[in-house]
Amino acid sequence: MTAKTLTVIGAPSSAGSYAAGQEQAPRVLREHGLLERLRARGIAVLDSGDGPLQVWTPDRAHPLAQNVGQVAESVLAVSEATKRALAQTDAVLVLGGNCLVTLGVMRALTEHDPAPGLLYADRHSDLNTPATTTDGALDWMGVAHLLGVEGATSELLDALGRSPLLAPSSLHLFGIDPDAATPGERRIRDGLGLTMTTADQLRDDPAAAARAAVSTLPDGPLAVHLDVDLLDFTDAPIAEDTGGRNTGPTLAEAMDALRVATHDPRFRALSVGELNPTRAAGDPAAIDRFADALAGLF
Ligand SMILES: [Mn+2]
């Protein structure tokens, strides 16, 4: 749909991260005029404010699933705010924080309609569990929890309300770098037969790649998630993960793709994760360009 009314929800949390920073993203995007840019495009914006502010600290009691209690709390806050927003406005924009915001969005969307779809735009597939990586950052374990794979944490599954929340056919991994996957992620991806579009395919023809990707998703409401680490870090240095230097789509290419999804008749929710404003300290115009591009998706 073309959204005429939009609720903006902030999730200022870096609890699932490798370090602090992403908790600043909702504030910084507001300071760079995101809401004004949306309103200037004729969209009636309802600001639902922010959920709990959570700054990452090392969790020495749960080193392999760090700060899982805080992450669950943030997911529930996003879910409650999204549920209210779906009843009030055409669409929802959730500003993370971590990619784990998707869990709250998908819980709310599933309670709204039992068969939603998710276009997950990320350099990574986020299919890890505490059993497949030693770093303990829940940040890249969110999709594994949505699908309820073996090894997922009970605390986060509880926050989703039911497991699995999402069927494999309701998910499309978009713009991923196949080389960035851990062996555990590859095993889960291949075992479940997940559909995906690589970053190279996205770059070749962004709009066509997006049309093909959303055509794999069910008829129910469509959620789009953007991890900004999808972007070429040299073009848009805003992501926590700096691994995408001179690889992946530019901001303009990514937006050409995502605009297809946000204008799909099924579209209801867009979430953004992993924007770390400190990365752009030397190039603050990158935040302005991103805020402008984000508003341009509606
Ligand atoms: Mn990522």
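**Why these labels: burial, contacts and a manganese site**

Biologist: Why is Asn67 called buried?
Modeller: Asn67 has a relative accessible area of 7% in this predicted model, and the label applies under 20%, so Asn67 counts as buried. Asn67 is found in the loop between strand 2 (44-50) and helix 3 (68-88), and its phi is near 60°, a positive value in a residue other than glycine.

Biologist: What makes Glu274 buried?
Modeller: The relative accessible area of Glu274 is 4%; set against the limit of under 20%, that value places Glu274 among the buried residues. Glu274, found in the loop between strand 8 and helix 11, has a positive phi of about 70° although it is not a glycine.

Biologist: Why is Pro265 called exposed?
Modeller: Exposed means over 50% relative accessible area, and Pro265 has 70%, so the label follows. Pro265 lies in the loop between helix 10 and strand 8 (267-273), and its C-alpha is 9.7 Å from that of Ala3, although the two are 262 residues apart in sequence.

Biologist: How do you know that the side chain of Thr262 reaches the backbone oxygen of Leu297?
Modeller: A polar contact requires a pair of N or O atoms within 3.5 Å, and the separation here is 2.6 Å. The side chain of Thr262 also reaches the backbone oxygen of Arg259, at 3.4 Å, and that value too falls within the 3.5 Å limit. Thr262 lies in helix 10 (residues 251-262) and, at 3% relative accessibility, counts as buried.

Biologist: What describes the packing of helix 9 and helix 10?
Modeller: Two packed helices are described by the angle between their axes and the distance between the axes. For helix 9 (residues 206-214) and helix 10, the axes come within 8 Å and cross at roughly 35°, and the crossing is right-handed. Pro206, Ala207, Ala210, Arg211 and Val214 in helix 9 meet Glu253, Asp256, Ala257, Val260 and Ala261 in helix 10; the residues of this contact divide into seven nonpolar, no polar and three charged.

Biologist: Which residues coordinate the manganese ion, and what makes them donors?
Modeller: Donors are N, O and S atoms within 2.8 Å of this metal, and Asp122 (OD), His124 (ND1), Asp227 (OD) and Asp229 (OD) coordinate the manganese ion at 2.1 to 2.3 Å, so these atoms qualify. Along the chain, the donors follow the spacing D-x1-H-x102-D-x1-D.

Biologist: Why can His124 and Asp227 be said to tie together separate parts of the chain?
Modeller: His124 lies in the loop between strand 4 (117-121) and helix 5 (142-146) and Asp227 in strand 7 (residues 222-227), so the pair ties together parts that are 103 residues apart in sequence. His124, at 11% relative accessibility, counts as buried, and Asp227, at 3%, does too.

Biologist: What makes Gly175 buried, and which residues does it touch?
Modeller: Gly175, found in strand 5 (residues 171-176), has 2% relative accessibility and therefore counts as buried, the limit being under 20%. Leaving aside residues up to four places away in sequence, Gly175 touches Asp122, Arg123, Thr197, Thr198, Ala199, Leu202 and Leu230. The C-alpha atoms of Gly175 and Ala254 are separated by 8.8 Å, with their positions 79 residues apart along the chain.

Key:
Residues numbered from 1 in each chain as written. Predicted model: local features only at pLDDT ≥ 70, side-chain atom pairs only at ≥ 80, totals over all residues. Heavy atoms only, no water. Helix = DSSP H or I, 4+ residues; strand = E, 2+ residues; numbered from the N terminus. Buried < 20%, exposed > 50% of the residue type's maximum accessible area, 1.4 Å probe, protein only. Polar contact = N/O pair within 3.5 Å; in protein donor to acceptor, adjacent residues only side chain to side chain. Axes fitted to C-alpha atoms, helices over the stretch in contact; angles between N-to-C directions. Left-handed = near helix turned anticlockwise from the far one by under 90°. Contact = heavy atoms within 4.5 Å. Nonpolar A, V, L, I, M, F, W, Y, C, P; charged D, E, K, R; others polar. Donors = N, O, S within 2.8 Å, 3.2 Å for Na, K, Ca; no water.
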